[in-house]
Amino acid sequence: MNTALRITTFAAALAATFGTAYGVGQGMDPVVADSPPKHEGEHPGPTPEQGEGGGHAGHDTPPAGGLQISEGGYTLDLKTPRVTAGERADLRFTVRDAAGRALTAYQREHDKELHLVVASRDLVTYRHLHPTRAADGTWSTFVDLPRAGGYRVFADFTPAKKNARNLTLGTDLAASGPYEARRLPPASTTARAGAYDVKLAGTLRPGRASELTLQVSRDGEPVTDLQPYLGAYGHLVALRSGDLAYLHVHPNGEPGDGATEPGPEISFTATAPSSGSYRLFLDFKHEGTVRTAAFTVHAGGAASGTDTPEGHEAEEHGH
């Protein structure tokens, strides 16, 4: 049986052009593309308010947000704006309120208080992280970014206060080292995630809801025993090429509620905010390990193209 998911959280990020090298950096943490590790992690699920800033189930196309480092009286304070490519580092940040105080109370969504996404500007490298919070409100997580260049950091959270809405704040991060620009991987209906093959079917349409189905297999056989990951059998993040507009998708039903069952297919309903190219990152869990499959699709046309080329396959990621 398919697992239904609906897009609900929206945030965006400014695009930037980077030179051949960046200054020496500080700390960070790992997750997908290029050459990431394995993880036993989890994923988030924001709770929208009045359709603002995005949310998950029950919303169609919330207004774009997240282009800002500050929104709704909260600011993302990144303590480590630079790291060194290829080196494991400690990424630290704080969310501050309008008075400059560190936020220490969050609503738990999909088992976590805050979800962190780090993506390269070319959308080849992707990390979905779950940092830990100290009592003083400082968040930290390890990250290892494989290539030098520009990255965007997204913090997805909801403050623990009455009528609070979900927010996705974004800021820039630089990984120092020799930089070589890379093109967006070509559109494809297939992707590799370690020993797994994932096939994408469906069309992403601008301004219109449509269904996308992802089928997981291994050694040519469908995987029918996917495991719950952060309360769902699959999670999806989409980033729009150019400005890194951010969409986080979560299921309407959860495992064990009678609405969903594990299976080789995961389906969700998505509405693209505009025409253009998007990079989709699907996280799924099997045999105790979370893996990520990545696809490039074009809104306004069928999600089709050539197979994902070597070097662009989604890789296992870890916490």
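The paragraphs below describe aromatic pairs, salt bridges and the setting of one serine in a predicted model.

The structure contains seven aromatic pairs. In one of them, Tyr 106 and Phe 157 meet edge-to-face, with 5.7 Å from centre to centre and 75 degrees between the planes. This pair links distant parts of the chain, since Tyr 106 belongs to the loop between strand E5 (89-96) and strand E6 (114-120), while Phe 157 belongs to strand E10 (residues 149-157), 51 residues apart. Tyr 106 is buried at 6% relative accessibility, and Phe 157 is buried at 0%. A second pair involves Phe 154 and Tyr 246, whose ring centres are 5.0 Å apart and whose planes stand at 20 degrees; the pair is therefore stacked, because planes under 30 degrees apart are counted in that way. Phe 154 is located in strand E10 and Tyr 246 in strand E17 (residues 246-251), so the pair ties together parts separated by 92 residues in sequence. Phe 154 is buried, with 0% relative accessibility, and Tyr 246 is buried, also with 0%.

Tyr 106 and Phe 157 also belong to one aromatic cluster with Tyr 74, Phe 93 and Trp 139. Elsewhere, a charge meets a ring: the charged end of Arg 88 sits over the ring of Phe 142, 3.9 Å from its centre.

Side chains of opposite charge can pair when their charged atoms come close. The model has twelve salt bridges. One of these joins Glu 71 and Arg 165, at 3.3 Å from N to O. Glu 71 lies in strand E2 (residues 70-71) and Arg 165 in the loop between E10 and strand E11 (167-176), so this salt bridge ties together parts that are 94 residues apart in sequence. Both Glu 71 and Arg 165 are buried.

Another salt bridge connects Asp 172 with Arg 152, at 2.9 Å from N to O. It links strand E11, which holds Asp 172, to strand E10, which holds Arg 152, across 20 residues. Asp 172 is partly exposed at 34% relative accessibility, whereas Arg 152 is buried at 3%. Shared partners join the salt bridges of Asp 77, Lys 79 and Arg 96 into one network. Within that network, Arg 96 and Asp 77 meet at 3.0 Å, N to O.

Ser 210 is located in strand E14 (residues 210-218) and is buried, at 10% relative accessibility. A polar atom of the Ser 210 side chain lies 2.5 Å from the backbone oxygen of Thr 203. Beyond its neighbours within four places in sequence, Ser 210 is in contact with Thr 203, Leu 204, Arg 205, Phe 268, Thr 269 and Ala 270.

Methods. Residues numbered from 1 in each chain as written. Predicted model: local features only at pLDDT ≥ 70, side-chain atom pairs only at ≥ 80, totals over all residues. Heavy atoms only, no water. Phe/Tyr/Trp six-rings, centres within 6.5 Å; stacked < 30°, edge-to-face > 60°. Helix = DSSP H or I, 4+ residues; strand = E, 2+ residues; numbered from the N terminus. Buried < 20%, exposed > 50% of the residue type's maximum accessible area, 1.4 Å probe, protein only. Lys NZ or Arg CZ within 6 Å of the ring centre and 35° of its normal. Polar contact = N/O pair within 3.5 Å; in protein donor to acceptor, adjacent residues only side chain to side chain. Contact = heavy atoms within 4.5 Å. Salt bridge = Lys/Arg side-chain N within 4 Å of Asp/Glu carboxyl O.
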